[in-house]
Structures are given as structure tokens and as C-alpha cells.
Amino acid sequence: MTLLSTAQHIARDTRKDPRSHMVLIMVAVTITAGAVALVAYLLWPTWVARPASAPDRLPVSVGATLFNVPTAAIRRKIQRHSGPQERVDLSFVFPSLEPPDAPKHVSADTIEEKVQPIDRIFVSISAHHDTLAPDTRVRTIYPRYLGQAATPVDDGLTMRTFRDGSPYANEDLFSAATPSLNARCTRDGQTPGMCLSERRVDGADLTFRFPRSWLSQWRDVANAMDRLTAQMRGPKG
């Protein structure tokens, strides 16, 4: 009733003073704009679209063998999808075996001249397509090119050198029984020596790469490779 009385009062004033007609229109426009703004505010969506985050692990099939690999550990962006793949390349921080942090941007102003130590163990999972198994290669192929003498390196670890002129020249073979380890390593030169250790899991071969200097703690390295293999082929795999 008060609103009606006010409207009647404004109407009478408008008849008395034509200029008040414009005032009435401005008041009506202001009230309408406020009402529209209020309705828009109440109906405006409050959610914000965010990109979907990648899962912590991805199920991938390599050589018809299922693996469950950490997404952050996959080195190649094109390989970061589930399903069948011919090969998957990963890296893990040693000795924690956690996926590495995202790489930082490096510019000419921030790069350091000093060579940074390698703190990662690299793993490649690839379909073997019925090629010679790694353990068979150690037993039947490598002995053809190895020197006769075996040199003890550490408690349980021995080294045999490959002969010059062989396909594995400038490399050495390190072996141990407990824990099991067979690693073919290049010798230190202008670049630090690197080791390669392989194992077969059903239809796929796992190739581990790590610095030769890590052989000073070879038991930890051998156990780390066992742990990574078990984690990627665990119950979720």
C-alpha cells in the first residue's frame, strides 16, 4: 500500500510539474537495472573450469604384458597415455625411486658450467618380439668376447673385461649372485661410464641404465632394480 501511495503521489506531482516526468523515468530505469544486476549475480555460475589432472599411475601394455607406471616418471610426453605401447621410457630419482620433479627452465644466464651429478636411474620397457633373452645372452654370447680373468671388485661383485676388437670393446661386465646383478658398463673417459642391466618380464624387456660410479653401492642398485620391477608389476599391474 505504501508503494501504491508513493506511485500515486509521484503521478500527481508529475501532472503538476512536467519536468518530474523525466525524474520518474530515471528512477524506473535505475530500479530495473538494479533488479537485472541482482538476478544476473544470483544466476551466475560460481564454479571455475580447471584442466583435468593426470592420474598418478597409468596402466600400459608392452609386449602384451601389463605394467602400472607412474605418470610423472614417463620421460616422453607422447608416451603418457594408457593402453598398448611398443616402448615406454621412464626415470626415477635414486635412491628414493620417486618420479623426478618437473624440469626447470634453463637459460644461458642460469645454466651452470659445472657438470651436475646424475641422480637418476633410467628404465626402458620395450617389447622383445622373441629376441634372445638377457640372461641367455649373458650365458652364451658374452663369454665369447670376454677375457679369461675375473677381477674381484667388491664383496660378491666381480668384473671381466671385454676383449679389444670385440663388439663390446671398451666395456666391462660386472656380475654378482646375491643380490643378482649383471651389468655391462662402458669405461670412464671424456664422459662418465654408464651401465646397462636387462631383465625379461613376460613379453617385455626392462633395460636399466645408471652411472658406473654407482657400483660402489652395487647392492643398493641391484635392490632398487628389483623394487622398481616389482612396483610396476605389482597387484595393480
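Analyst: A salt bridge is a side-chain nitrogen of Lys or Arg within 4 Å of a carboxyl oxygen of Asp or Glu. The model is predicted, so local features need pLDDT of at least 70 and side-chain atom pairs count only at pLDDT 80 or more, while totals for chains, interfaces and linings use all residues. Residues are numbered from 1 along each chain as its sequence is written, and side-chain values use heavy atoms, with hydrogens and water left out.

User: Why is the contact of Arg233 with Asp202 called a salt bridge?

Analyst: The closest N and O atoms of Arg233 and Asp202 are 3.0 Å apart. The cut-off is 4 Å, so the pair qualifies. Arg233 lies in the segment after α4 and Asp202 in the loop between β10 and β11, 31 residues apart. Helices (H or I, at least four residues) and strands (E, at least two) are DSSP runs, numbered from the N terminus.

User: What makes Asp202 exposed, and what is Arg233 by the accessibility classes?

Analyst: Buried means under 20% relative accessible area, exposed over 50%, and partly exposed in between, with a 1.4 Å probe and protein chains only. Asp202 has 53%, so it is exposed. Arg233 has 29% and is therefore partly exposed.

User: How many salt bridges does the structure hold, and which residues share partners in one network?

Analyst: There are twelve salt bridges. Those that share partners join Arg76, Arg87 and Asp89 into one network.

User: What makes Asp226 and Arg199 a salt bridge, and which elements does the pair tie together?

Analyst: Their N to O distance is 2.7 Å, and the limit of 4 Å is therefore met. Asp226 lies in helix α4 and Arg199 in strand β10, so parts 27 residues apart in sequence are tied together. Arg199, at 19%, is buried, whereas Asp226, at 34%, is partly exposed.

User: How do you know that Cys185 and Cys195 form a disulfide?

Analyst: A disulfide is a pair of cysteine sulfur atoms within 2.5 Å. The S to S distance of Cys185 and Cys195 is 2.0 Å, so the pair meets that limit. A search of the whole structure finds one disulfide. Cys185 lies in strand β9 and Cys195 in strand β10, so the pair ties together parts ten residues apart in sequence.

User: Why is this disulfide of Cys185 and Cys195 right-handed?

Analyst: The torsion about the S-S bond is about 110°, so the disulfide is right-handed. Both Cys185 and Cys195 are buried.

User: How do you know that β6 and β7 are paired?

Analyst: Two strands pair if DSSP finds at least two bridges between them. Three bridges join β6 to β7 (residues 157-161), so the condition is met. The two strands run antiparallel, and the bridge partner of Thr151 in β7 is Met159.

User: What makes β4 and β6 edge strands?

Analyst: The open sheet has eight strands in the order β4-β5-β11-β10-β9-β8-β7-β6, with antiparallel pairing. β4 (87-93) and β6 (151-154) each have a single partner strand, so one side of each is left without a neighbour in the sheet. The twist averages 25° from one strand to the next; axes are lines fitted to C-alpha atoms, for helices over the stretch in contact, and angles run from 0 to 180 degrees between N-to-C directions.
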